[in-house]
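New to this one? Here's a quick briefing to read alongside the sequence and the 3D view.

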Amino acid sequence: MTSKTEVLGDIGGRGLHWDGQPPVPTEEQANSFGNNSSGNQLKLSIGCEDDEESLSEDELRERYRAWTLSQVRPAPPPVQQEQAQEIRVFQAEDEEFLPMPSSLPEDFGNELSQLLRDNRPLFQTLHDDHIAEEVWQRKPPKILNKYLFGDVIGEGSYAKVKEVVQEDTLMRCAVKIYKDRRIKKIPNGPENVNSEKEIMRKVNHPHCIKMFEFFRLEEKTKQYMVLEFCVASLQEIVDTWEHKRFTPDWAHYFFRQLIAGIEYLHALSIVHKDIKPANLLVSPEGRLKISDFGVAEQMPLYQNDDTCTNVQGTPKFQPPEIVGGHNPTYKGFAVDLWASGVTLYNLLSGEYPFEGDVIMKLFENICWQPLEMPKTIELEEESQNLLTGLLEKDPMERLKMDQVKHHPWFAKAPIEEKFDWEKFVAAKGGNSSRQALSVFPSLAQLYNDQELESLDGDEGGSGDNDLQNPLAPQEEAPTASRQDQQRPNLVDSPPQSEHSASAFYRGYTLNLKWLCLNICSSLWLMMNKSDNFTYLLFTKFYDCIFFQYGLSIS
Amino acid sequence: MPLPIFGKSHKSPADVVKNLKEALVQIEKGDKKSDKAIEEVNKWLQTVKGIIYGQEGQEPNSEQVAQLAQETYNANVLPMLIKNLAKLEFESKKDVAQIFNNLLRRQIGTRSPTVEYLCARPEILITLVKGYEMPEIAVTCGSMLRECIRHDHLAKVLLHHESFYHFFTYVEVSSFDIASDAFSTFKDLITKHKTICAEFLDTNYDKFFGEYQKLLNSENYVTRRQSLKLLGELLLDRHNFNVMTRYISNPDNLKLMMNLLREKSKSIQFEAFHVFKVFVANPNKPRPIADILLRNRERLVDFLSNFHNDRTEDEQFNDEKAYLIKQIQEMRA
């Protein structure tokens with residue numbers, strides 16, 4: 001037990017310790033979930049541990065709706081306790097709608113005005129489900145290929161990125177969604193997506209983003225690339241720091257990881273070609289991950305050098321040999337090192353080594369303007385020296401990977417602190433969207449409702465409940481996608497004749513799953529953490545319970 | 001001055017190291033007092049750990065740690081600890097590894113004092129390698145070795161010492177955990193520092209691959225499989241370009257891979273495929289290689305067409321397989 005607690009505390013990295021009991025239910029508690037009164041069931045349905053002994057169904061609805069709404073409402077500052085509280089008890093009376101950020105969905109205004117219509121008090125118990133159902137119908141939980149979809153967390157010229165949770169493993173991932181129509185409009189679009197996929201399949205390194213799966217859904221005419229989940233890009237993070245720059249220690253910390261990642265890629269004969277802070281993501285553990293291999297090039301295995309011809313990337317980060325346009329070919333590895341130099345320059349100072357109002361001016365400066373050290377900050381001599389070496393205009397004279405790794409500034413001991421997300425989240429106005437699980441509202445819909453239904457079933461309610469999901473999107477139901485839209489089920493549906501028992505059974509198993517999700521997410525919020533490991537740990541835990549009790553029921 | 005509550009902590013680092021050393025000298029003498037000394041060592045190691053990692057709930061005092069490190073170097077305690085490792089208690093062995101690894105990670109600016117210390121005394125590293133011959137300390141020595149290998153200077157020392165070739169026997173010892181520990185150390189040695197490793201493999205190509213071939217032909221399934229996988233990684237690493245071209249020009253290597261493709265074990269077949277493909281996809285196949293492939297053209301195409309057809313999920317594998325089949329079919333004599 002102690003060792004487990006230690007491990008968890010360690011992941012948290014913030015010295016969170018539970019004394020003694022980890023928040024895992026005892027056997028007895030777990031047992032009581034299935035075969036007990038609705039009081040217990042409801043207890044499960046809310047994010048964290050509840051103090052109240054029992055809750056009425058109305059109260060449940062209220063919380064439920066609060067959950068859905070709380071996702072679009074700007075969240076309060078991310079003090080952990082408060083976040084946890086937000087899930088636990090939604091204090092309807094105290095809540096006000098703050099001015100909406102521009103990123104809200106378009107239809108939010110409509111929803112809001114409907115909510116406010118008739119001067120209906122906002123969060124009072126509603127005796128008909130009218131409004132709640134409307135919200136549900138508009139955004140039914142989306143499950144594709146075993147991934148439950150959450151919010152959009154990023155968008156690029158090629159694809160949209162959404163947060164997802166894998167249904168079986170409960171692993172939190174990001175999925176990059178390529179729309180066929182959009183890709184076709186981009187010159188070289190389909191080829192680039194393809195080469196990105198090929199490269200991602202090979203890459204497996206702690207400082208490169210990992211692809212778990214790539215699939216295509218014909219009926220959607222979209223392709224999906226499932227990736228490791230990351231919290232933010234280095235660009236987003238550095239923008240929240242004072243003067244938009246890191247302290248030298250943190251710049252050093254990230255730069256070392258960047259170089260480790262680039263070295264790995266180069267060993268695999270991959271030239272990234274688009275190294276820049278916006279393409280460097282940071283995982284929940286504070287680890288840098290090189291991402292976006294859209295323009296990366298895999299050089300042939302039997303080619304002895306790193307000569308490339310294809311020019312793509314971001315002008316501000318390109319070296320003279322590319323922007324000068326005089327050379328038909330160039331050395332790929334040197335290009336990535338130049339770009340990492342520009343990145344380091346930017347991280348250390350918040351400035352760029354070369355700028356220009358128009359692109360031709362920028363190119364001219366990159367080629368001819370002598371390198372000047374940042375004006376707004378005096379850099380350490382050693383880091384200046386490294387920058388000079390990396391931003392050497394002649395690619396042959398530029399520092400090589402090995403020289404970078406032996407550079408005194410690079411070789412010094414890295415900072416020992418753990419990367420702390422709090423500052424970032426605070427700077428983002430406390431918007432916790434990147435911290436809390438954005439699939440949560442969907443989960444709430446899926447599992448909460450299931451419990452109610454299965455209770456109905458138990459009381460000898462209508463037989464349809466078990467077969468038809470009233471919340472499932474009925475408007476578009478081609479056979480293929482219907483399968484996709486079904487709720488995640490842990491067990492194959494038992495025969496209809498045993499309907500009542502099966503409803504109970506299903507409700508029961510789902511309860512357990514739901515319970516674990518609750519533990520995961522509350523843990524998560526407590527630790528202000530969102531790493532896959534915690535997730536996996538609890539999946540394991542959940543498997544244990546399921547195995548034990550799932551079998552004993554039948 | 002308030003007295004510390006716990007007796008241990010008032011000893012200065014110099015005293016602790018001195019006491020530790022005295023106890024170690026006792027053990028080396030090996031007389032009847034040595035039992036007592038072993039306990040002493042155990043005690044002092046705990047104190048050292050307390051200084052390095054901090055007492056309960058307290059951060060370590062960096063000044064004390066620096067002093068302790070300095071004393072350790074001055075008194076040459078590290079080589080004694082490692083030399084007598086097998087005689088120490090179980091817990092003490094683990095403590096030694098922990099202390100050693102911690103000291104190795106210490107950095108002052110760009111300097112790593114322990115690395116410098118070890119560079120000047122390579123015999124310590126060699127003693128660690130020899131540790132694989134003693135089952136009771138093999139894994140402990142392994143963890144210390146891998147910590148050393150993280151530093152390129154030390155990795156270089158280890159690579160270029162003749163004891164490096166002992167690893168080829170260590171990875172095949174009968175005890176599974178020792179063998180696999182040795183293999184991961186071996187792997188770190190030849191992959192961690194790309195330029196150093198590439199240079200080493202290039203200059204010692206014949207000797208190294210002469211030995212390596214034995215691993216690929218080993219009786220031991222695990223050795224065969226692990227070494228095959230590592231071979232694939234080595235050849236596909238760009239730093240080893242020269243090694244790769246040399247390896248794929250040798251018809252004996254091709255024959256070996258073709259035999260491994262027909263192994264009973266599916267996993268070995270699969271790993272062999274990933275080396276075999278490097279021979280076939282080469283646009284400039286040397287004559288002897290091309291001859292072998294040509295001679296077996298029909299059979300290879302047949303074989304590959306039915307090779308691991310159940311791997312429908314693995315797109316990359318299927319693409320590569322199709323590519324190889326096409327390459328072989330299109331070969332002209």
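A salt bridge here is a side-chain nitrogen of Lys or Arg within 4 Å of a carboxyl oxygen of Asp or Glu. By that rule, a search of the whole structure turns up 38 salt bridges over all chains. Keep in mind that you're looking at a predicted model. Below are some of those bridges, then the place where chain A and chain B touch, a helix pair, and two loop residues with unusual backbone angles.

**Salt bridges within a chain**

- In chain A, Arg182(A) pairs up with Glu155(A), and their closest N and O atoms are 3.3 Å apart. This one ties together distant parts of the chain: Arg182(A) sits in helix H8 (residues 180–185) and Glu155(A) in strand S2 (residues 147–155), 27 residues apart.
- How open are the two partners? Arg182(A) is partly exposed, at 25% relative accessible area, while Glu155(A) is exposed, at 54%.
- Over in chain B, Asp202(B) and Arg246(B) form a salt bridge with an N to O distance of 3.7 Å. This pair also links distant parts of its chain, with Asp202(B) in helix H12 (residues 194–203), Arg246(B) in helix H15 (residues 241–247), and their positions 44 residues apart.
- Both of these partners are partly exposed: Asp202(B) has a relative accessible area of 26%, and Arg246(B) has 37%.
- Glu233(B) and Lys229(B) make a more local pair, four residues apart in helix H14 (residues 221–236) of chain B, or about one turn of the helix. Their side chains meet at 3.7 Å, N to O.
- Glu233(B) is partly exposed at 36% relative accessibility, and Lys229(B) is partly exposed too, at 43%.

**Where chain B meets chain A**

- How many residues of each chain are in contact? It's 22 from chain B and 23 from chain A.
- The size of an interface is often given as the accessible area lost when the parts come together.
- For chain B and chain A, the buried area is about 1,800 Å², and carbon and sulfur atoms give 50% of that.
- On the chain B side, Arg238(B), Phe241(B) and Gln316(B) supply 35% of the area that chain B buries against chain A, more than any other three residues.
- Three salt bridges cross this interface. Asp319(B) and Arg201(A), for instance, meet in a salt bridge at 3.8 Å, N to O.

**A helix pair in chain B**

- Helix H16 (residues 251–261) and helix H17 (residues 266–281) of chain B pack at an angle of about 145°, with axes 8 Å apart. The crossing of H16(B) and H17(B) is left-handed.
- Which residues make the contact? On the H16(B) side they include Leu254(B), Met257(B) and Leu261(B), and on the H17(B) side they include Ile268(B), Phe273(B) and Phe276(B).
- The contact residues of H16(B) and H17(B) divide into eleven nonpolar, two polar and no charged.

**Two positive phi angles in chain A**

- Most residues other than glycine have a negative phi.
- Asn145(A) goes the other way, with a positive phi near 50°. Look for Asn145(A) in the loop between strand S1 (143–144) and S2 of chain A, where it is partly exposed at 30% relative accessibility.
- His243(A) isn't a glycine either, yet its phi is positive, about 60°. You'll find His243(A) in the loop between helix H10 (234–239) and helix H11 (248–267) of chain A, and it is exposed, with a relative accessible area of 53%.

Conventions. Residues numbered from 1 in each chain as written. Chains lettered and ligands numbered in written order. Predicted model: local features only at pLDDT ≥ 70, side-chain atom pairs only at ≥ 80, totals over all residues. Heavy atoms only, no water. Axes fitted to C-alpha atoms, helices over the stretch in contact; angles between N-to-C directions. Left-handed = near helix turned anticlockwise from the far one by under 90°. Contact = heavy atoms within 4.5 Å. Nonpolar A, V, L, I, M, F, W, Y, C, P; charged D, E, K, R; others polar. Buried < 20%, exposed > 50% of the residue type's maximum accessible area, 1.4 Å probe, protein only. Buried area = accessible area lost by both parts, 1.4 Å probe.
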